[in-house]
Amino acid sequence: MTDLLRQQLIDTARAMNASGLNQGTSGNLSLRFEQGMLITPSGMKYDTLVTGDIVMMDLDGSYEGERKPSSEWRFHAAIYAGRDAANAVLHAHPVNCATLACMGKGIPAFHYMVAIAGGMDIRCAPYATFGSDGLSDNVLSALQDRKACLMANHGLTCLEADLPKVLALATEVEHLAAIYCRILAIGEPVILSDAEMAAVIEKFSTYGAQES
Ligand SMILES: [Zn+2]
């Protein structure tokens, strides 16, 4: 019964690499399932994955099957435990997000689309070793009231209601990061006010909702 969901996870992971958001086996992707989650396995190329390679695990870290879950399962599990609205989590090392993250920079409100992540800015979580509880704590804090955060000296993590939405959000955040990198190369941006960003966040809450 989970085969369809497992295949959707594989298809989205492949799309993540094909789009340039991620490369090789460095990213990982998960989907909430019952009391736990389905997550990409550790260190396997997405092109070779079959549905049986996707790991079903509980949020406490226990899992079934031969494949080991992604080494970053801890923050995926922490996000599902802490954020009811999260049904899909994407982690990748996109070039522009990673560039800012390696400078310890988040993304300020230089463009109204920054509000797509849910707040006035997109934070950068402090550095901690990959796969550690410390990294999980830092990511969860940086995601407070947000759906995306950068991770210092590392990359990007996004949460959303489903796989297509989390891929779209990650793509948008990487695009914003690319613009912000260009801005930093030539100067300082004009930052939108909190009041304007609040208005945009309010507008986004109804954007795309068709009247019935
Ligand atoms: Zn990573």
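How many bridges join strand 6 to strand 7, and in which direction do the two strands run? The close-ups below come from a predicted model, and the second one has the answer.

**View 1. Here is the whole open sheet, with its seven strands and mixed pairing.** Read across the sheet and the strands come in the order 3-2-1-4-7-6-5. Strand 3 (55-58) and strand 5 (124-125) sit at the edges. Each of these edge strands has a single partner, so one of its sides is left without a neighbour in the sheet.

**View 2. Now we zoom in on strands 6 and 7, an antiparallel pair.** Strand 6 covers residues 148-151 and strand 7 covers residues 155-160, and four bridges hook them up. Look for L150, which stands opposite L156 of strand 7.

**View 3. Two helices pack on the sheet, and here is what they touch.** Helix 3 (residues 95-102) makes contact with strand 5, strand 6 and strand 7. The direction of helix 3 is at about 60° to that of strand 6. Helix 5 (residues 163-186) touches strand 1 (28-33), strand 4 (88-92), strand 6 and strand 7. Compare its direction with that of strand 7 and you get about 140°.

**View 4. Three histidines coordinate the zinc ion.** They are H91, H93 and H154, and each one uses its NE2 atom, at 2.0 to 2.1 Å. Along the sequence, the donor residues follow the spacing H-x1-H-x60-H. How exposed are two of them? H91 is buried, as its relative accessible area is 0%. H93, at 24% relative accessibility, counts as partly exposed.

**View 5. F110 and Y180 make up a stacked aromatic pair.** This is one of two aromatic pairs in the structure. The ring centres of F110 and Y180 are 5.3 Å apart and the planes meet at 15°, so the pair counts as stacked. The two residues come from distant parts of the chain, 70 residues apart: F110 is in the loop between helix 3 and strand 5, while Y180 belongs to helix 5. F110 is buried at 11% relative accessible area, and Y180 is buried too, at 7%.

**View 6. Y112 and F204 form a tilted aromatic pair.** Here the rings are 6.3 Å from centre to centre, with 50° between their planes. Y112 lies in the loop between helix 3 and strand 5, and F204 is in helix 6 (residues 194-204), so to speak a long-distance link of 92 residues. Y112 counts as partly exposed, with 42% relative accessibility, and F204 is partly exposed at 22%.

Technical notes. Residues are numbered from 1 along each chain as its sequence is written. This is a predicted model: local features need pLDDT of at least 70, side-chain atom pairs count only at pLDDT 80 or more; totals for chains, interfaces and linings use all residues. Side-chain values use heavy atoms; hydrogens and water are left out. Donors are N, O and S atoms within 2.8 Å of the metal (3.2 Å for Na, K and Ca); water is not among the atoms, so sites may look incomplete. Buried means under 20% relative accessible area, exposed over 50%, partly exposed in between (1.4 Å probe, protein chains only). Two strands pair if DSSP finds at least two bridges between them. Contact means heavy atoms within 4.5 Å. Axes are lines fitted to C-alpha atoms, for helices over the stretch in contact, and angles run from 0 to 180 degrees between N-to-C directions. Rings of Phe, Tyr and Trp (its six-membered ring) pair if their centres lie within 6.5 Å; planes under 30 degrees apart count as stacked, over 60 as edge-to-face and the rest as tilted.
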